[in-house]
Amino acid sequence: MTKTVHIIGAGLSGLVAATELLKKGYHVTLIDKEPRQAIGGQAYWSFGGLFLVNSKVQRRYGVKDSYELALNDWLGSAQFDRLDGEDYWAEQWAKAYVKFATYEKEDYLNRMGVKLTPILGWAERGGASASGHGNSVPRFHITWGTGPGLVEPFSNYVLQQEQEGRVTFLPRHQVTSIDIEDNQVRHISGNILEDSDVERGTPSSRQVIDTFSYDVEHLVITSGGIGANIELIKKYWPKRLGQAPEHMIQGVPDSTDGRLIGISENAGVNIVNKDRMWHYTEGVKNHSPIWTQHGIRIIPGPSSMWFDAEGHRMSAPDYPGFDTLHTLETIMKTGYDYSWFILTEDIIKKEFVLSGSEQNPDLTNKDIQLLIKERLSKQATSPVNAFMEKGEDFVVADDLGTLVKKMNELVDDDLLKYEDIKAEIKSRDLQITNSFSKDPQVAFIHNARQFLGDKIVRTAKPKPFLSNQSGKLIAVKLNIISRKTLGGIQTDLDGRAINQQREPIQGLYAAGEASGFGGGGLHGYRALEGTFLGGCIFSGIRAAEGIDKHNL
């Protein structure tokens, strides 16, 4: 008799788990509170970034990478320090994931029909030491088709299996209770919500029209994190990052509310590393919002000058694209919840990339002609130009005095002093004459241009800001933007959820962001980027394998 596995959450990790279980002959019941058209969850909206080690793309660029180097970077970033408890499984997951990213992930993606672009990015560069945080080499690969290109091979497979009667897909089903008896998951129940035809990403109705109840033998929780639940983010905000921001913009759809994590904890599941989270410091308000407080993250190259709210220039490692959480800590300890980029037209044309599938239509739509036009042109991409014209956080001026005046007007304050900012920029400009410098940021820029990928499409040739060589001056007000949960449901290497007595719960599994992408927090304190989507894939595979292994 075919056994049924219930999966809560139709995002990437849920779809991967479903795909692998279907391949093994299981029937899958896929449950999600959102409408059918929202299948794919957050991953659909992503840039499609993937962390790979010693990949074909890396080798083409002459990048020498290895499992040993990647693991050293990972552990230096994670800084696991709760190994007797919360990090017990997380560290094991981290080592297993880096092995997957080195030896298996690329082949797996290829078998699923996922293609990669030839673009190779260098995210989270670190900037402190070889043993500390950051990627020693570029590892950020971009999916051809961005988030949709990664999601669709899995969603198409699952929906095809639905047509063949092997999948029961239940959208608009909101789980409100998980029952565990004698350390065995037994039952789930919840609300059936009214149908909704809202566009993907738009908040859907929570009007209840009925209830449901199912007995379950195997249950996988893949319901996502807390990125849209600002109240929970502030509740668990760690003191080490300073005060919680008074105002944040939202980097994920409203459905990412973290409710199932709390429901799981109330049922006896062990939730760990609640204070570990990943929020970006380069958020701008979307001029055409889809969800509440919709923000877009700038993925910056290394050349913009970064100033805090009072006009003090940031110092190492708080440079664009180097150390997200250190920069977040620095900003929050200023007493303000925003900061500024100052840059030039030359820099924005070459270095500004906006995260998200909808902000990269050339890659998302697999349009080669548009890709060539957008990425190899001497102009900024169309989405970036749209933000310069319509985005409320962007300021453009012909001279620095006017720029600083407009920056102060934007925040309705007089915090920024023209002479102070001019002195910082002038000092930086004096360092540009040579190909070496005492200024760490300028030295980093020269180092970045040693990598061909950065030199061609990602890092502008250093030029003085205060000259006629680089075009208009631009300032961008940067908001804190919510994004990822790094902690979550603790799981063993088979994806089994751990109870509060540190024992596996029979029949209960978790994957994706709900499990901290595996083990309750395989990233530790910091992420290396491109690791979230890959974590969804890896943990989804592991949960499916775990169910099959323990279904004896």
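Let's start inside the protein, with the residues around its largest cavity: by class, five of them are nonpolar, three are polar and four are charged. Keep in mind that what you're looking at is a predicted model. If you want to find the spot, look for Ser303, Thr344, Asp346, Ile347 and Arg428, which are among the lining residues. The run from Ala460 through Lys461, Pro462, Lys463 and Pro464 to Phe465 also belongs to the lining, and so does Ser470. The space in there comes to about 60 Å³. How many cavities of 30 Å³ or more are there? The count comes to one.

Now for a space that is open to the outside. The second largest pocket has a volume of about 230 Å³. Three elements each give two or more residues to its lining: helix H3 (56-60), helix H6 (105-111) and strand E4 (116-121). Which of them gives the most? That's H6, with four residues. In the lining you'll meet Lys56, Val57 and Arg60, then Glu106, Asp107, Leu109 and Asn110, and finally the stretch Val114, Lys115, Leu116, Thr117 and Pro118. Sorted by class, this pocket's lining has five nonpolar, two polar and five charged residues.

Follow the chain on from E4 and you get to a loop that leads to strand E5 (140-143), and Glu124 sits in this loop. Its backbone does something worth a second look. Most residues other than glycine have a negative phi, and most peptide bonds are trans. Glu124 isn't a glycine, yet its phi is positive, near 45°.

The peptide bond part of that rule has its own exception here. Go to the loop between strand E15 (305-308) and helix H10 (324-332), where you'll find Pro317. The bond joining Ala316 to Pro317 is cis, with an omega of about 5°.

Next, a pair of helices. Take H15 (residues 400-411) and H16 (residues 418-430): their axes come within 10 Å and cross at roughly 125°. Are they parallel or oblique to each other? Angles over 145 degrees count as roughly antiparallel and 65 to 115 as roughly perpendicular, and 125° fits neither, so H15 and H16 are oblique. Their crossing is right-handed.

Finally, step back to take in a long stretch of the chain. UniProt, in an unreviewed entry, lists residues 7-533 as "domain: FAD-dependent oxidoreductase 2 FAD-binding". Over residues 7-533, the chain is 32% helix and 22% strand. Where do the ends of that stretch lie? Their C-alpha atoms are 18 Å apart.

Conventions
Residues numbered from 1 in each chain as written. Predicted model: local features only at pLDDT ≥ 70, side-chain atom pairs only at ≥ 80, totals over all residues. Heavy atoms only, no water. 1 Å grid on protein atoms, 1.4 Å probe; cavity = no way out; pocket = protein on both sides within 12 Å on 5 of 7 lines; lining within 4 Å. Points joined across faces, edges and corners; volume = space filled by probe spheres on them. Nonpolar A, V, L, I, M, F, W, Y, C, P; charged D, E, K, R; others polar. UniProt positions renumbered as here; feature names shortened; annotations may be inferred. Axes fitted to C-alpha atoms, helices over the stretch in contact; angles between N-to-C directions. Parallel < 35°, antiparallel > 145°, perpendicular 65-115°, else oblique. Left-handed = near helix turned anticlockwise from the far one by under 90°.
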